[in-house]
Amino acid sequence: MADHNYTAHHTAIIDTGATIGADTRVWHWVHISSNAVIGSQCSLGQNVYIGNQVSIGNNVKIQNNVSVYDNVTLEDDVFCGPSMVFTNVYNPRSTINRKDEYKSTLVKQGATLGANCTLVCGITVGRFAFVGAGAVVNSDIPDYALVVGVPARQVGWMSEFGEKLDLPLSGNGSCTCPHTNETYILENNRVSKQTA
Ligand SMILES: CC(C)(COP(=O)(O)OP(=O)(O)OC[C@H]1O[C@@H](n2cnc3c(N)ncnc32)[C@H](O)[C@@H]1OP(=O)(O)O)[C@@H](O)C(=O)NCCC(=O)NCCS
């Protein structure tokens with residue numbers, strides 16, 4: 001009987017010491033480094049790499065071909081689209097060792113990182129923020145913000161369900177998620193979900 005509660009395809013390489021939570025699924029040709037910490041009920045798609053100084057929460061979905069490098073933190077419920085890119089050196093040069101200059105990236109709870117987007121290191125992606133496919137993000141993203149393009153620019157707000165919210169980019173206002181009917185409030189350029 002296995003001495004762990006996750007499942008891993010036989011082609012996956014899981015270095016001794018890695019922490020992986022219950023019911024996490026590890027698919028073909030994944031490599032997980034020895035100091036990585038991964039929560040429960042995650043999914044790591046084909047050809048995913050997880051570095052040493054990486055912390056991943058619960059219920060995180062990482063699609064095929066994503067490398068999560070050192071100094072990246074993913075909170076619970078984050079979605080990483082296929083082939084999206086994390087970075088950890090801001091100004092790499094082949095002949096200069098910058099391993100002590102890694103910049104950290106934090107992706108907060110519930111955020112979506114669209115397919116093929118790139119996060120330039122040293123930024124924070126807010127709770128339930130949504131990065132469109134192919135965007136290049138080089139600055140912090142507020143909670144619930146929808147950003148697209150190169151460089152990424154905010155074009156709206158997204159609900160926790162993943163529906164566009166009918167709110168202006170700045171100022172004040174309120175609206176409901178077209179799917180769940182939950183109310184979102186825009187106050188002083190920040191969006192939050194109204195709690196009961
Ligand atoms: C952002 C997204 C959800 C679309 O949201 P939406 O509210 O339906 O946006 P719309 O299609 O109405 O587009 C609004 C504007 O943003 C632009 N836009 C939308 N997505 C864009 C993107 N990824 N990059 C650049 N521009 C984009 C549209 O062209 C449109 O521009 P316009 O107003 O000048 O015509 C979708 O385009 C996207 O990127 N989804 C991510 C898909 C993905 O990565 N899935 C991974 C799992 S398979």
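Modeller: In what follows, Ala, Val, Leu, Ile, Met, Phe, Trp, Tyr, Cys and Pro count as nonpolar, Asp, Glu, Lys and Arg as charged, and the others, Gly among them, as polar. This is a predicted model in which local features need pLDDT of at least 70 and side-chain atom pairs count only at pLDDT 80 or more, while totals for chains, interfaces and linings use all residues. Residues are numbered from 1 along each chain as its sequence is written, and side-chain values use heavy atoms, with hydrogens and water left out.

Colleague: How many residues of the shell around the ligand are nonpolar?

Modeller: A residue belongs to the surroundings if one of its heavy atoms lies within 4 Å of the ligand, and the residues found there include Phe-79, Pro-82, Phe-130, Leu-146 and Val-148. By class, the shell holds two polar residues and one charged residue, and its nonpolar residues number seven.

Colleague: Which residue has a side-chain N or O atom 3.1 Å from an oxygen atom of the ligand?

Modeller: Polar contacts are pairs of N or O atoms within 3.5 Å, and ligand oxygen atoms lie 2.6 Å from a polar backbone atom of Ala-115 and 2.9 Å from a polar backbone atom of Ala-133. The side-chain atom at 3.1 Å from a ligand oxygen belongs to Lys-164.

Colleague: What share of the ligand's accessible area does the protein cover?

Modeller: Accessible areas come from the Shrake-Rupley method with a 1.4 Å probe. On its own the ligand has 920 Å² of such area, and the share covered by the protein is 39%.

Colleague: Which are the edge strands of the open sheet of ten strands?

Modeller: Strands are DSSP runs of E with at least two residues, numbered from the N terminus, and two of them pair if DSSP finds at least two bridges between them. The sheet has mixed pairing and the order 1-4-7-10-13-16-19-21-22-23. Those that pair on one side only are strand 1 (7-8) and strand 23.

Colleague: Which residue of strand 23 is the bridge partner of Met-158?

Modeller: Strand 22 (residues 153-158) is joined to strand 21 (residues 145-148) by four antiparallel bridges, with Leu-146 partnered by Gly-156. Two bridges join strand 22 to strand 23 (residues 164-165), also antiparallel, and in their hairpin Gly-162 takes a positive phi near 95°. The partner of Met-158 in strand 23 is Lys-164.

Colleague: In which sense, parallel or antiparallel, do strand 13 and strand 16 pair?

Modeller: In strand 16 (residues 112-113), Leu-113 is the bridge partner of Cys-80. Over two bridges, strand 13 (residues 79-80) and strand 16 pair in a sense that is parallel.

Key: Polar contact = N/O pair within 3.5 Å; in protein donor to acceptor, adjacent residues only side chain to side chain.
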